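Let's take a walk through the aromatic rings of this protein. Have the structure open, and look for the rings as we go.

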Amino acid sequence: MKKLTSIVFSGIILSGLLLGACKKSKEEGTAPAVPGNLEIRLDTGYMPVNKIDSAIVEWEINGVSKTIKLQLSGDTLRAPLKEFSEGNGQLTIQLYTKVKVSNTDLQWEKRWQFQLQHNEPVLLKGPINYEDANWLPRVILTESFTKFVAILAVRPQDPYFCLKNLPAKYPYIEFERGYYKIPGGIEYAGYGYYKCNGTCGTELEDRSFFANMGNMVGIKPWTSLWMGVGLFSKTEINSYSVSFNWVKK
């Protein structure tokens, strides 16, 4: 009887150890960030690690900016805060992903004013779904011949667009962005048109031109978004473009 009691008691101890290990494992996902680090915990149900192409963090303070890559470890993107100067500035995080909308890859951005201190860790949650209000989704479009890239905001309240790898031979740019409802013909809830007459260089990033789009759309019903970027030349016959059409479900 004593032997049986010993076995039972040992089993209780072993069960307790296993339960403790399980509990610890579950709590690791909510553990605080390592001191001195900026960390982004990914929602692996929506954005698993194999859908992260790259990620960057930009710190701008007193008119000076610095950008570094976030490193992936397990389900966490991480960067050391010591890489940046302390103080009150603007922190921008961009995730380049294989998470898609309408079969198109998405960039995600979070940007805010921040008081950075090296000994104060920063812990964030990655996007949990397309509607996550804490992150802004943008489509990533690549033109197949010239390889120029267009990163375009999807939500009306987000004015952002970025054009990269713009070829010198095609310096004239036109960009249309419209929110409209169907059926019953095209009825725009909001529309904008951007044009550059040959002076934009090889890369263009803009956060203000479409700033009024959110007010324009307001609470108007819209079911579809169409965006198109075209590159043109006065000397070349060909022109090149990318476009995105999305009908909300």
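**Rings that meet**

Start with Trp-222, which is buried, because its relative accessible area is 14% and the cut-off for buried is under 20%. Keep in mind that you're looking at a predicted model.

Who sits beside this ring? A pair of aromatic rings is described by the distance of the centres and the angle of the planes. For Tyr-179 and Trp-222, the centres are 4.9 Å apart and the planes are at 75 degrees, so this pair is edge-to-face. The two come from distant parts of the chain, 43 residues apart: Tyr-179 belongs to strand β12 (residues 172–181), while Trp-222 is in the loop between α2 (213–217) and β15 (224–232). Tyr-179 has 0% relative accessibility, so it counts as buried too.

Now zoom out a little. Tyr-179 and Trp-222 are part of a cluster linked by ring pairs, along with Tyr-46, Trp-108, Tyr-130 and Trp-246. One of these rings has a charged visitor: Arg-155 lies over the face of Tyr-130, at 5.8 Å from the ring centre. You can find a similar arrangement at Phe-210, where the charged end of Arg-177 sits over the ring, 5.4 Å from its centre.

How many aromatic pairs are there? The count comes to 17. Among them is Trp-59 with Phe-114, an edge-to-face pair with 6.4 Å from centre to centre and 80 degrees between the planes. This pair links distant parts of the chain as well: Trp-59 is in strand β2 (residues 52–61) and Phe-114 in strand β7 (residues 104–116), 55 residues apart. Both Trp-59 and Phe-114 are buried.

Conventions. Residues numbered from 1 in each chain as written. Predicted model: local features only at pLDDT ≥ 70, side-chain atom pairs only at ≥ 80, totals over all residues. Heavy atoms only, no water. Phe/Tyr/Trp six-rings, centres within 6.5 Å; stacked < 30°, edge-to-face > 60°. Helix = DSSP H or I, 4+ residues; strand = E, 2+ residues; numbered from the N terminus. Buried < 20%, exposed > 50% of the residue type's maximum accessible area, 1.4 Å probe, protein only. Lys NZ or Arg CZ within 6 Å of the ring centre and 35° of its normal.
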